[in-house]
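Biologist: Please take a close look at one part of this model, the way its charged side chains are paired, and then follow the connections from there into the helices and strands. I would prefer one connected account to a list.

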Amino acid sequence: MTDTARTARSGVPERPTLDGLEETWARHWQEEGTYAFDRSKERSDVYAIDTPPPTVSGELHMGHVFSYTHTDMVARFQRMRGRTVFYPMGWDDNGLPTERRVQNVYGVRCDPSLPHDPHWQPPATPVSEDRRKDPTPIDRRNFVALCERLTAADEQVFEALWRRLGLSVDWSLTYTTIGRVARATSQRAFLRNLARGEAYQAEAPTLWDVGFATAVAQAELEDRERPGAYHRLRFTGPGGREVLIDTTRPELLPACVALVCHPDDERYADLVGRSVRSPVFAVEVPVRAHPLADPAKGTGIAMVCTFGDLTDVTWWRELQLDTRVVIGRDGRLLPEPPHGVPAEPYAALAGQTVNGARRTMVQLLADAADLVGEPRAITHPVKFYERGDRPLEIVSTRQWYLRNGGRDAGLREQLLARGGELRWVPEHMKHRYDHWVGGLTGDWLVSRQRFFGVPVPVWYRLDDVGEPDWSHPLTPDEAMLPVDPSSDPAPGFEESQRGLPGGFVGDPDVLDTWATSSLTPQIVGGWETDPDLFSRVFPMDLRPQGQEIIRTWLFSSVVRAHLEHGVLPWRDAVLSGWILDPDRKKMSKSKGNVVTPMALLEQHGSDAVRYWAANGKPGMDLAFDPAQIKVGRRLATKLLNASRFALGLGAADALRAPATAPLDTAMLAELSGVVAAATTAFDSYDHTAALQVTEAFFWRFCDDYIELVKERAYGSGPGAESARAALATALSVQLRLFAPVLPYVAEEVWSWWRYGSVHRATWPTTYEVGRAVEGLADPHLLRLAGDALGQVRRAKSERKLSMKAEVPLAEALGPAPLLEQLTLIADDLRAAGRIAKLDLLPDRTPELVFRLSFD
């Protein structure tokens, strides 16, 4: 909206207030299209933001407010710099968090084997805890419908909060990661990856979350300290030699395929290449050497099981060992022993949970006298899915993978080079990217055994006995996208042929949520569906995001853009810090120490909350501090009242008049420096520094300058005209400097005396401020005047006098050059200090000193 878009100014209210500004201006901005993206602009005039789509599976918290406010300040600044800002909002609503929330709210679980029941209805009221513990199985279509229903309701709540916070999003650009556009985009990218050989399917050891019943990628792992115990087991070597190993997982003994020692460990050198016999099962297993074996750990020789941990997987792959899988996807030991393991001793373990099997195995070892000593209690890191609550297992499954450099040194180097092209804010965050990419041990596992997600868009032919042909997947034409192989027939087949020999079967899996979220620039930018838009916004300018998802969202987005487009998806990446609770601990839902924002927004106002957020720099942690929010409200209130006062002096009618008086030009000269510093800071994504320099000047402007000139401004003649002109320029400039941080109060004051929206006004420049100055301008004069007035105030305060008390005589002592400067502002100082007579006594003191006489 331009300065001529509105027909009338609202005028200065008699009693301005912050209350109600959010409702008034949020509605106005939407009606006027204040933040609408202008797609007619050339790419050079566009600033495109790849906005993080928040996960719609609960409540937004102050961490969200913190980081999204930072992005909004960037958007507002760039818009005022003359760019048309592409600022969409997405909702990340697919994947495990949504499914878990549906299960908890409705007390249901998905059973894809059930036929669709078109008459099933969800419970009308929240279910009991008992119902949650024993959920009702429902078919996949009904379960997905519940997910869509719940996320739609959550998204409305999220949008309402974002609007109240004042995010300058173009709400016509909203998308969801499970929506039709996102599904088609994600499937299109996957099919192209498949066609180029970047996506592939393999039967391989897979990290498996038993609770969620799905595969987990390397990027979703986290270590958690858990209690355990070392058990010392006796293997039997050649000639009856005793070979002892320590293990925390004795239940995996039937999965043992080798013992491994270090190549330089002389204790076991004679065993390498020979075999030992396992206890209880008496299975012959080879002894092999590998550099990952740690001679100082335990007895120095380790049991390799398929699969106990990721090191087992490495040994299994590199030493080309046999496979003996004993743990199924349900977390229980398989009903039948693996090949080569005798059935009789295994029968005691079959069907048990891991913990149950461990207890049984320990007893079997003790009975066989092959458990040496007592178990030794330890605490050790255990792999978990970041959202899970049960330790991960490693099972053998068929999954889809996407090449990411984990097994391709050339691609790894290319992706590391991409990280070097990216502008990192702060710079040290690049190390996390490099560390992650350099430490990858495998390709990106992108398939998930879930239901509410983007379906893997392939089918498989069934042979004459009904077995799938995994090596030749059937793929759709891109024009068919999006597809759901669980309900859409394969190309060239009829639905009646599903599941029959000679027919087809759809891939039952969905894509990892990051496989969709990694394409947010393509989804919202109209890749392949709106080439004109895509050419104007891609590659984008900014990716703002959390530091903890560099390895997932940021890296995966770089992978997809590199493979598909041969470029980075954006130019700059700005990483947020964390919000800390009063005990300096990171706020998180899992710790139960999060603070939700709506009550704070209602109590203190959105500008006050945004002010708190703006005090945290990119990459730096910030403690949640209600006192800081109160400071923000005081600042917003002062901006209202100081503006009302300045406009009451007639500043509105003097906007383009020149300032001529020394104090006025001094104030504007200092303001020019503030504009330069704030602009540089915003250009560097340092909104905190921009706010600090602006706020510091504003309080000096209110406490010193306005007090010094108000008597003159009330009068007439050149001096009064100069004061009003300076006030007008200063108010106009400061409103725009504050606008990215305090959008509501800045817009409110702007509407009193200016046309259009402050958020569509041009960002202030030093040229603009300088143009309002006529004559010399010495910024030090304002500080000198403030120092002098401060001494007068302190003297009155020490005598417990009113600031309006008359001062018959004041003496100013100090260096002659300083007092000569003081003469330029002496009239304003006398008026502000109520000084009847001011005597200047040069060279009596090395610095400025005021002596007041009240007799």
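Modeller: Arg132 and Glu129 both belong to helix H4, which covers residues 129-133, and they are three residues apart, about one turn of the helix. An α-helix has 3.6 residues a turn, so residues three or four places apart point the same way. In this predicted model, the side chains of Arg132 and Glu129 meet in a salt bridge, with 3.2 Å from N to O. Both partners are partly exposed, Arg132 at 31% relative accessibility and Glu129 at 45%.

That local pair is one of 51 salt bridges that the structure holds, and others span far more of the sequence, as the pair of Arg633 and Asp19 shows. The side chains of Arg633 and Asp19 form a salt bridge, again with 3.2 Å from N to O. Because Arg633 lies in helix H18 (residues 626-648) and Asp19 in the segment before helix H1 (21-32), this pair ties together parts that are 614 residues apart in sequence. The two ends of the bridge fall into separate accessibility classes: Arg633 is partly exposed, with a relative accessible area of 23%, while Asp19, at 55%, counts as exposed.

A further long-range pair is made by Asp50 and Arg543, whose side chains meet in a salt bridge at 2.7 Å, N to O. Asp50 sits in the loop between strand S1 (46-48) and helix H2, and Arg543 sits in strand S23, so that distant parts of the chain, 493 residues apart, are linked. Here both partners are covered: Asp50 has 2% relative accessibility and counts as buried, and Arg543 is buried as well, with a relative accessible area of 0%. Salt bridges also join into a network, in which Arg188, Arg192, Arg196, Glu198, Glu478, Glu528 and Glu564 are linked.

The pair of Asp50 and Arg543 leads in two directions, and the strand that holds Arg543 may be taken before the helix that follows the loop of Asp50. Strand S23 belongs to an open sheet of three strands in the order S17-S24-S23, with parallel pairing. Strand S17 (423-425) and strand S23 (540-546) stand at the edges, each with a single partner strand, so one side of each is left without a neighbour in the sheet. Direction ignored, neighbouring strands of this sheet are turned by 20° against each other on average. The partner of S23 is strand S24 (residues 570-576), which runs parallel to S23 and is joined to S23 by six bridges; among the facing residues, Gly546 stands opposite Ser576 in S24.

On the other side of the loop lies helix H2 (residues 62-80), whose 19 residues reach 27 Å from the first C-alpha to the last, close to the 27 Å expected at 1.5 Å a residue. H2 is mostly covered, and 19 of its 19 residues are buried. Gly82, which follows the helix, has a positive phi, near 100°.

Helix H17 (residues 606-614) packs against H2, with axes that come within 9 Å and cross at roughly 90°. Since angles of 65 to 115 degrees count as roughly perpendicular, the two helices, H2 and H17, are therefore roughly perpendicular to each other. The contact is made on the side of H2 by Met62, Val65, Phe66, Thr69, His70, Asp72, Met73 and Arg76, and on the side of H17 by Val609, Arg610, Trp612, Ala613 and Ala614.

Antiparallel pairing appears elsewhere, in an open sheet of four strands ordered S8-S7-S16-S18. Its edges are strand S8 (214-215) and strand S18 (444-445), each with a single partner strand, so one side of each is left without a neighbour in the sheet. Strand S16 (residues 393-402) pairs with S18 over two bridges in the antiparallel sense, and Leu402 stands opposite Trp444 in S18.

Both senses of pairing meet at strand S13 (residues 284-289), which pairs with strand S11 (residues 256-261) in the parallel sense over three bridges and with strand S12 (residues 275-277) in the antiparallel sense, also over three bridges. On the parallel side, Val260 stands opposite Arg288 in S13, and on the antiparallel side the bridge partner of Val276 is Val285. S12 and S13 form a hairpin with six residues between them, and Val280 in the turn has a positive phi of about 65°.

Technical notes: Residues are numbered from 1 along each chain as its sequence is written. This is a predicted model: local features need pLDDT of at least 70, side-chain atom pairs count only at pLDDT 80 or more; totals for chains, interfaces and linings use all residues. Side-chain values use heavy atoms; hydrogens and water are left out. The expected span of a helix is 1.5 Å times one less than its number of residues. Buried means under 20% relative accessible area, exposed over 50%, partly exposed in between (1.4 Å probe, protein chains only). Two strands pair if DSSP finds at least two bridges between them. Axes are lines fitted to C-alpha atoms, for helices over the stretch in contact, and angles run from 0 to 180 degrees between N-to-C directions. A salt bridge is a side-chain nitrogen of Lys or Arg within 4 Å of a carboxyl oxygen of Asp or Glu. Angles under 35 degrees count as roughly parallel, over 145 as roughly antiparallel, 65 to 115 as roughly perpendicular and the rest as oblique. Contact means heavy atoms within 4.5 Å.
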